[in-house]
Amino acid sequence: MIKKVSVNTIQKYKDTNERFSVLTAYDYSTAKYLDEAGIDIILIGDSLAMVALGYETTNQVGVEEMTIFTKAVAKGVKRAMVVTDMPFMSYNIELSSALTNVCNMLKNGANAVKIEGCNDHILNVIKRSVECGVPVMGHIGFTPQFLNTIGGYNIQGKSFDATLAILEQAKKLEEAGVFSIVLEMVPEESAQFITENLRVPTISCGAGRYCSAQVMVSDDMLGKFSEFKPKFARRYGDVKSLILECAKQYDYDVKHGAFPSDDEVFKLSEDELKQLNIHRGVKC
Ligand code: KIV
């Protein structure tokens, strides 16, 4: 029996100083392979807005869409913890709608949710979600859903004071009950200091080498999304080239009669073929 990664597994990693891995997935087969590869947490990130749906920002994706992708990913995963990003404005208006949306993700297969930000309302949503039985991953530093108020893709925690301010936020998240915290676009020295001062594990998204874990958008990791590559992403493959190569070969084969081959078609039995040929002959 495969042992599912739980909040206890994740805390144990932090307590024993063992690094763990997080990748995004948006569909059944990718999730299945990432799980088979041993990835500990599979995140249905709202990054899917850009890499899977072609939207301009992550703010354009809604609860219904996140739910569909959550269902698909959850079906493919046996071991990893499945975490769904709460999309823009799905938790920011009022507590009851936030809790309804959060619980909806668990009803559709997620094991936990991720929530960006750390204001009083968000802290309350996190606290109540955890009380309802929903594990929450926090997300501070650069928070893409707040891009317009932040004013751009700016590195956060660039000074000693700013680092202390992020640590203070992280402590509040910890107090509210998160089981882990994503630190996005933070200098690695700041992220290290924050990590050293927390009970829960930190997950680096462009926050350097000293967090408890690393997360990457799988389309960046696979080299599938080619419109831009963040400085902190590493391409481990070139899936874009593979898709282009295969599609071009397929196109050529179809247009030159090389696909399908004899092995790739269904055949009539000899008797049926005889009848068909007779019928053909009559018609001619
Ligand atoms: O949306 C996303 O994929 C994320 C991770 C990169 C942290 O939030």
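How far apart do the C-alpha centres of domain 1 and domain 2 lie? In this predicted model, the distance between the two centres is 47 Å. The domain assignment places domain 1 at residues 7–237 and domain 2 at residues 243–280.

**The ligand and its surroundings**

The ligand takes up the space of the largest pocket. Eleven names make up the list of residues around it, given here in sequence order: Thr24, Leu43, Gly45, Asp46, Ser47, Asp85, Lys114, His139, Cys205, Val215 and Val217. Sorted by class, this shell holds four nonpolar, four polar and three charged residues. Leu43, Cys205, Val215 and Val217 belong to the nonpolar class. Asp46, Asp85 and Lys114 belong to the charged class.

Some of these residues place a polar side-chain atom at a short listed distance from an oxygen atom of the ligand, as the table sets out.

| Residue | Distance from a polar side-chain atom to a ligand oxygen atom |
|---|---|
| Ser47 | 2.6 Å |
| Lys114 | 3.0 Å |
| Asp85 | 3.2 Å |

For Lys114, the side-chain atom in question is an N or O atom. The cover given by the protein can also be stated as an area. Taken alone, the ligand exposes 260 Å², and the protein buries 94% of that.

**Two points in the backbone**

Which peptide bond is cis, with omega near 0°? The bond from Phe259 to Pro260 has this form. Pro260 is part of the loop that runs between helix H11 (239–255) and helix H12 (270–283). By the domain assignment, domain 2 covers 243–280, and Pro260 falls within that range by its number.

Met89 is a second backbone point to look at in the structure. Its phi is near 65°, which is a positive value in a residue other than glycine. Where does Met89 lie? Met89 is in the loop between strand S3 (81–85) and helix H5 (95–107). Strand S3 ends at residue 85, and Asp85 is one of the residues around the ligand.

Terms used:
Residues are numbered from 1 along each chain as its sequence is written. This is a predicted model: local features need pLDDT of at least 70, side-chain atom pairs count only at pLDDT 80 or more; totals for chains, interfaces and linings use all residues. Side-chain values use heavy atoms; hydrogens and water are left out. A residue is near a molecule or strand if one of its heavy atoms lies within 4 Å of it. A polar contact is a pair of N or O atoms within 3.5 Å; within protein, one must be able to donate a hydrogen and the other to accept it, and residues adjacent in sequence count only if both atoms are side-chain atoms. Accessible areas come from the Shrake-Rupley method with a 1.4 Å probe; for residues, only the protein chains shown count as cover. On a 1 Å grid over the protein atoms alone, a cavity is a set of points where a 1.4 Å probe fits but cannot get out, and a pocket is an open set with protein on both sides within 12 Å along at least five of seven lines; lining residues have an atom within 4 Å of a point. A molecule sits in a cavity or pocket if more than half of its atoms lie within 2 Å of its grid points. Domain bounds come from an automatic or database domain assignment. Helices (H or I, at least four residues) and strands (E, at least two) are DSSP runs, numbered from the N terminus.
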